[in-house]
Amino acid sequence: MSISPALGVCYYPEHWPEEWWEKDAARMAEVGIKYVRIGEFAWSRMEPTPGDIKLAWMIRSMDVLGKHGHKVIVGTPTATPPRWMVDKHPDMLAVDANGNRKGFGSRRHYDFSHLPFREESARITQILADALSDHPALGGWQTDNEYGCHGTTYSYSPAALDGFRKWLASRYGSIESLNEAWGNVFWSMEYNSFDQIELPNLLITDPNPIHALDFRRYSSDQVAAFNKAQYDILKAKRPDLPVIHNFMSRYTEFDHYDVAETLDVASWDSYPIGHLAVSDEPDDIKRQYMRQGDPDNAAFHHDLYRTVGHGRWWIMEQQPGPVNWAKFNPDPLPGMARLWAWEAFAHGAEVVSYFRWRQAPFAQEQMHAGLLRPDSEPAPAYEEALQVAQELKQSGIDGQVEKARVAIVFDYDSEWAWQVQPQADGFKHGAHVRDIYAAFRKHGIDIDILSPKTKSFAGYDVVAIPALFAWTDELREAVASFEGYLLLGPRTGSKTKNFSIPARLGPDLSPNLLDAKVMRVDSIPSYVSIPVKGGGTTRLWREKVETRGEVVMEDNEGVPVLISQGKIFYLTASGDRALMQRIADYLIAEADLPVLSLPAGVRTRSRGGFRVYVNYSASPATLNAAADESGYVIGGAEIPAAGVTVARLAKVG
Amino acid sequence: MSISPALGVCYYPEHWPEEWWEKDAARMAEVGIKYVRIGEFAWSRMEPTPGDIKLAWMIRSMDVLGKHGHKVIVGTPTATPPRWMVDKHPDMLAVDANGNRKGFGSRRHYDFSHLPFREESARITQILADALSDHPALGGWQTDNEYGCHGTTYSYSPAALDGFRKWLASRYGSIESLNEAWGNVFWSMEYNSFDQIELPNLLITDPNPIHALDFRRYSSDQVAAFNKAQYDILKAKRPDLPVIHNFMSRYTEFDHYDVAETLDVASWDSYPIGHLAVSDEPDDIKRQYMRQGDPDNAAFHHDLYRTVGHGRWWIMEQQPGPVNWAKFNPDPLPGMARLWAWEAFAHGAEVVSYFRWRQAPFAQEQMHAGLLRPDSEPAPAYEEALQVAQELKQSGIDGQVEKARVAIVFDYDSEWAWQVQPQADGFKHGAHVRDIYAAFRKHGIDIDILSPKTKSFAGYDVVAIPALFAWTDELREAVASFEGYLLLGPRTGSKTKNFSIPARLGPDLSPNLLDAKVMRVDSIPSYVSIPVKGGGTTRLWREKVETRGEVVMEDNEGVPVLISQGKIFYLTASGDRALMQRIADYLIAEADLPVLSLPAGVRTRSRGGFRVYVNYSASPATLNAAADESGYVIGGAEIPAAGVTVARLAKVG
Amino acid sequence: MSISPALGVCYYPEHWPEEWWEKDAARMAEVGIKYVRIGEFAWSRMEPTPGDIKLAWMIRSMDVLGKHGHKVIVGTPTATPPRWMVDKHPDMLAVDANGNRKGFGSRRHYDFSHLPFREESARITQILADALSDHPALGGWQTDNEYGCHGTTYSYSPAALDGFRKWLASRYGSIESLNEAWGNVFWSMEYNSFDQIELPNLLITDPNPIHALDFRRYSSDQVAAFNKAQYDILKAKRPDLPVIHNFMSRYTEFDHYDVAETLDVASWDSYPIGHLAVSDEPDDIKRQYMRQGDPDNAAFHHDLYRTVGHGRWWIMEQQPGPVNWAKFNPDPLPGMARLWAWEAFAHGAEVVSYFRWRQAPFAQEQMHAGLLRPDSEPAPAYEEALQVAQELKQSGIDGQVEKARVAIVFDYDSEWAWQVQPQADGFKHGAHVRDIYAAFRKHGIDIDILSPKTKSFAGYDVVAIPALFAWTDELREAVASFEGYLLLGPRTGSKTKNFSIPARLGPDLSPNLLDAKVMRVDSIPSYVSIPVKGGGTTRLWREKVETRGEVVMEDNEGVPVLISQGKIFYLTASGDRALMQRIADYLIAEADLPVLSLPAGVRTRSRGGFRVYVNYSASPATLNAAADESGYVIGGAEIPAAGVTVARLAKVG
Ligand SMILES: [Zn+2]
Ligand SMILES: [Zn+2]
Ligand SMILES: [Zn+2]
């Protein structure tokens, strides 16, 4: 099943006088909002003191919302345990890498490894499920809120230590196996028992990289287990309603694919301007897109979470104006609150839910805009949301996002591995993946993101597996059977799952697929780059490869940069955007993919017979009508700054 | 009462052989020094072991100093409790924000919240009062030394936690009131009792801003209470003698107005070169004024502490040469030790006291210059001090600083609030205030600093209330009755005292005074600025305001920058120095204020019928004689680098 | 005794299947390797559980190595105590300056102050000595590994506190003496007993500098004591075999001269590319020498460790390719693994031992190259090592490095003192020393490094004593009797050993040697410099000196920069490289020293009748044959990038 494109909003009835609820619900309906998320931070109102359950106010608020036709997504409040919970479980608080317990006074003050709190989380979830499951306005559930936000995936607590030891015992069976798998003979790091293993913080120098990686794997598994506990309860009551979690941008501390094994729909919280502001993009990009956000970042996450969500995904929180949490918080260009929503729908979003209805005049997020100002007057996004609602109707856009012809594998183990062992300061798995994504997308090419458990690439013309830490059995199978063009490297397959160099060295493929061995790595400072013959440069990471493949590109020093063997291409280096673009262009030409000629700053995605153009630039642009389009249903060829144009696609054939 | 301009010096008899005292006192008299501060770091010599009081040496040193005509300021030694005190009260040591106790081995190793140490502080104060009050050389007292120096205002100790909870209980009455006032429904931060409230450190993410602000208010109150305990003892013995504290430059962690409620005279420690070196001024300013100090910073503090001291103020420590405590410690330009003293007297200082008599060859400050070198030879400032003493006599300057025509409100709550919630990284209350100060002063205009408890602006032509966090009742009254020109904003009145957005939004004035609402804030990175039509740029902070006022200035995007309604002007943005200058110029013209045409680097202040010019530039300059001057008593129109010229003012009318 | 130039390698038999050992040993012999270091990280294999000694595998590996003609250096494994040791002695773990215990999971996890661990270290050393001393392949011992690496010299533990107090009691005798020597009257820092003294961390502001310095001295003494415990055991068994330690580059936290009092040979671990990468050299130097290393840094350490080792020294670990531990780890230029070895031999190395034989595919250093790749194929350095071995034979180079005509005093107390009290941020003793070293070396002049215990400079033409903290009796004696040219300053002699300013001020020499007094210090920011008349600039540190000496150079402000009195020259400032070069050139001319005209990037050193030229540049160069050369035995006048040329010196006539 799926839901036709619809708007939503995040609402906090507990923040406002009950007499305001009715008018709020009515105005939401006027805007065209269908989905209203409530409850996810309200534990202290649901249970003011231990065991004293107070849900009548929630039911009344759902009554009011339902009366105005809204469907309510109820959030479990486990991201904000009340203060009394800390009295019950003082050790539920997580410990940071410096050994400090992080206290009560904001949010997410719990340790995923703390099993008694996991039970409390299940208890309140069961209470909500029991009390609200039959409410006619109930439209679904959200588990917790933004797992991992504020660096909360990792805890260096006694609870985490205990859990980690048990997890290792279960993974490796015997301490001898662990010592062997980890190579603990190095530096006499051999353990006599699992009880001797410590967490990888506060060491003299770097831990064994597999020690660090296994701790990340363990921590990720705790997030998944935490979510599963809630999911099982919620689904038991209402198998028909979706259980959703709201993920984030560039938060990769846990494996989202694993967590989504107990989710029906993935959602994420899209704050394009805040995300760019807190990113490590260069200042010129931050300046150019200060009021728009990075033009490829939201799209990347749309495509990622579509895969994470097994095809179903929402925006649970959509930025409506300035946020409060970055170092600087610019006002969006007029139109961006509309553009972001349209782009999400183009990538297949079912619901785009603005955060939040009314700006709160108090507490931490008082500078965060809403659809309403604190004085209940409409903020600029109010009108933009209204416009989106009307345009959705007008355009009739709906249906599934079709399978793309290009796919990129995105893998969380690789994120962690290259953080543990960058070797070149600044080398980042995610940045490399996103650069390839942007290079294809610049030509208007739709892209799918694939998980490392993908067993077949059938149907794709081009698949990239960039900077993959270690082969999974599934990817080996997919590679072996793939008939399209494959782009690998750098670093792809350079490690075993136990973080060792494989016996036949990276990329560790059968020589009949790719006869190449990475003999040596040259990692260089960020202020040095090596020109590549024909254009672009390599930077940070360079491999010297022994190969019988064909050299497609080489650098000015004669070092091969792109090697091919049949339709398998191996990239030996990380490159600047110009190089990544050349490589994408090369593969597009080889695979004979159709492209669009897009003005600078304009991006596009097709869905259900429509092509949606969005203009991330601060200047207007003129679209070139593509041969497969039969006119515009929203906007036109002249697309203003922050504008949206929707073209109808001619029926194929 | 007040004291005619006089010189002083800081002296440490305990550092030198007693046989040197006589000669030192005689040479001080030769220089023309009247006031000698002693004792403020000598607790281990006053009480070498617990209860073993040894003050004979102090009395003998006062005898010697008195014999040579000096008045002695005795400092209470509470900034340096002896090591044995820590054995008595191990928990008197403060705890930093990371949870580490800061130990013995330097100075200021006590926690303002620690009540037993506060009693020890009262005890030693009583002992000094009892023993020294009747000494004929006694001229006054200094309490402690540099409250808050080295970040010692805040402690995150159990003592602070206990005190904070009691302070909150007293402020809010009930936990329900606190939850309501703080908006703790947000993120389920509601408390069931005051005993659950924690200090705002070591949290997962930002605390509630009012939580952070109230902790700063609480901490400030402890400094005031600490001072009051000493003041009450000292005044009980000798109501006629001034009790003084030596404040600092740009240390705003506690409310100086509050502390000064139990002071007779404010003083401050002026190290212009060190202060510039440790400031966050840009490198070009640091380079340009490396050997002089920021040309407006000392003056600003002179004017501030004149108000803090209820009209009476001193320089307790005046830089005489290179200091030791900045990252780099340049030698002053020849003449600066004279210039700084003259500038202080021009702003109304009663005493300028050089720190220190002789450079100590040992311990932490061995690289800090004195009037004498470590080998007792005169250092360059020796002659400069002598010159000042002679010039004071020669000029006959004396009397009160007259009330200025321009005033600026400076408020500590605002300092703290915008540190807690800058919203734009780099936005600082103090910097904004000082920019306005400098813009008026560039035209030779005298300025008064006002506290937020000012009830009337009568007598001023122009008053600025920049970046005021929240209105006080007094300022509302002053604004309502003011007939001059008023400059407000940005951010002025944008919060309630409980750190919420006011119901009618900022600036939260009656529409008949100023009909304007800040609808939205646009905060931008420091590397972006928006040109204003006519000159200057806005940066960091911009407000979008809904108003019926007149637009006086707007930026290139058409956003109003300066709005007026009658004589009330509202500035919607923070600006660069060019913009702040334009705004000052505009108001000067509107208010028809007389101005001086000053060469670059030259500053001036008038006192008691004289106008003092000081040249902070490293080049000579030529003064333009002003119409109201009747010749020079010190120097002349040609003012050398680091020079001083004093003009006599013609009698008015 | 000494050893004729030979190659070595670091080998970890415990990392590889025993069946590989034989082939490994044979291939080492093919390369021409003579010395094989083993064992230094293998404690968990020597004693897998407490008391269960397993050395049979070591003996078998020594049998295999010996069979192939190798001499084995056995390392004591004390840098990597096994995990069970931490169960026995939980408090053996060091505590960092923030108060955190640093745990097990990497290496060097022990506290030099922890006496029970020092006994464990002696115990395992005794066990190795007993078991292996008579093995015919044994060639010597290495104590521990890289003392101080990863900042492990300092610990702020209870054990360190206890040791420090006892050390102070022993040094000062009475608490009164300590209070007097430290100047503790300042800020009431006087102690009543040694038990009150704390470690100088976690203070409110800076500790008394002598407090900080004495803690460094104490900590250094613990390293020496730790080494002595092993040395005594090893020498007792085999007085004929050398005991060696492997020191590092720019690690100056302990006094290497003191540690070497119980060593027969000094060695160091030379990673030129990694050392440059982690250094604070400017980015342009890092870029220029990215694949070569700083062209003077290795040579400086060769000369330093020759003195530390009483004339005998090795390279125990020589970089063979990219390392893993810097932020970026570039591949060396082809030839550098040969060049570095040749340069070491030219400076008198007995053995250059590559680290490591085979790249380990697992654990922390899996990205660190070896002579073999992880798949046992030769890495590039394999052939370069082979070439060096052949060239050593071919050239017949051997014998002692002759005494140089220029010497520079390098002193660890000065390193620590100026870290404690830089006064100008960025002023560093070591950088200043190395700048003088490089300035003389640029002309092909050989240099000796001298310790501060040098009693005579006889035989040298020029001696520099730069930035010396405090005179030792020995240096005073050497200066008084020296007949050559002496370069002192800045800061030289500016403190007493108790970190006070001397009574006659710096440089504190008898006026008949040097009549000068540093009256004042002007320390300036790194972005300011003062031009010196004739070329070069001063930066960071400038002294104003009262002198009757002759002014040789002065700056644009007329401040003397170089002062002379007879053959004693005093430099009043730190300078840029151009100034340091001018000063070296001036002294070279005065002393009439012979110079070579070297192309940029080329460096040279003479040994035993040969002059070795090495080209650190990435471009080829042409050598100018010197008059004292009689042809080339390796290479020729055309020296390629990373090339080596060895000239034979004509017999002195
Ligand atoms: Zn959020
Ligand atoms: Zn001070
Ligand atoms: Zn090493």
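**Chatting through a predicted three-chain model**

UniProt, in an unreviewed entry, lists residues 404-593 of chain A as "domain: Beta-galactosidase trimerisation". Keep in mind that the model is predicted.

Colleague: How far apart are the end C-alpha atoms of residues 404-593 of chain A?
Modeller: That span is 24% helix and 29% strand. As for its two ends, their C-alpha atoms are separated by 11 Å.

Colleague: And how far apart do the C-alpha centres of domain 2 and domain 4 of chain A lie?
Modeller: Chain A is divided into domain 1 (6-153 + 219-395), domain 2 (158-210), domain 3 (406-591) and domain 4 (602-649). Between the C-alpha centres of domain 2 of chain A and domain 4 of chain A, the distance is 54 Å.

Colleague: What kind of axis relates chain B to chain A?
Modeller: Laying chain B on chain A takes a turn of 120° and a shift of 0.0 Å along the axis, with an RMSD of 0.0 Å. The two copies are therefore related as by a three-fold rotation axis.

Colleague: Which residue of chain B comes closest to the rotation axis?
Modeller: Going by C-alpha positions, the closest approach for chain B is 5.5 Å. The residue there is Asn98(B).

Colleague: Is helix α15 of chain A largely enclosed or largely open?
Modeller: The buried residues of α15(A) are Tyr412(A), Asp413(A), Ser414(A), Glu415(A), Trp416(A), Ala417(A) and Trp418(A). They pack against α8 (209-237), α9 (256-259), α12 (297-308) and α16 (429-441) of chain A. Because 7 of the 9 residues of α15 (residues 412-420) of chain A are buried, the rest of the structure leaves this helix largely enclosed.

Colleague: Glu40(B) is in a loop, so is it buried or exposed?
Modeller: The loop in question runs between β2 (33-38) and α2 (43-46) of chain B. Leaving aside neighbours within four places in sequence, Glu40(B) is in contact with residues including Tyr12(B), Pro77(B), Gln142(B) and Asp144(B). Its relative accessible area is 0%, and buried means under 20%, so Glu40(B) counts as buried.

Colleague: Which side chain does the side chain of Glu40(B) join in a polar contact?
Modeller: The contact is 2.7 Å long and links two side chains. The partner of Glu40(B) is Arg37(B).

Colleague: Last one: which residues touch the most other members of the largest nonpolar core?
Modeller: That core has 560 residues. Take the chain B example: not counting residues up to four places away in sequence, Phe457(B) touches Val409(B), Leu450(B), Val463(B), Ile465(B), Leu475(B), Ala478(B), Val479(B), Phe482(B) and Leu486(B). The residues touching the most other members are Phe457(A), Phe457(B) and Phe457(C).

Methods. Residues numbered from 1 in each chain as written. Chains lettered and ligands numbered in written order. Predicted model: local features only at pLDDT ≥ 70, side-chain atom pairs only at ≥ 80, totals over all residues. Heavy atoms only, no water. Domains from an automatic or database assignment. Core = buried A, V, L, I, M, F, W, Y, C linked by side-chain atoms within 4.5 Å. Buried < 20%, exposed > 50% of the residue type's maximum accessible area, 1.4 Å probe, protein only. Contact = heavy atoms within 4.5 Å. Least-squares fit on C-alpha atoms with pLDDT ≥ 70 in both. Helix = DSSP H or I, 4+ residues; strand = E, 2+ residues; numbered from the N terminus. Polar contact = N/O pair within 3.5 Å; in protein donor to acceptor, adjacent residues only side chain to side chain. UniProt positions renumbered as here; feature names shortened; annotations may be inferred.
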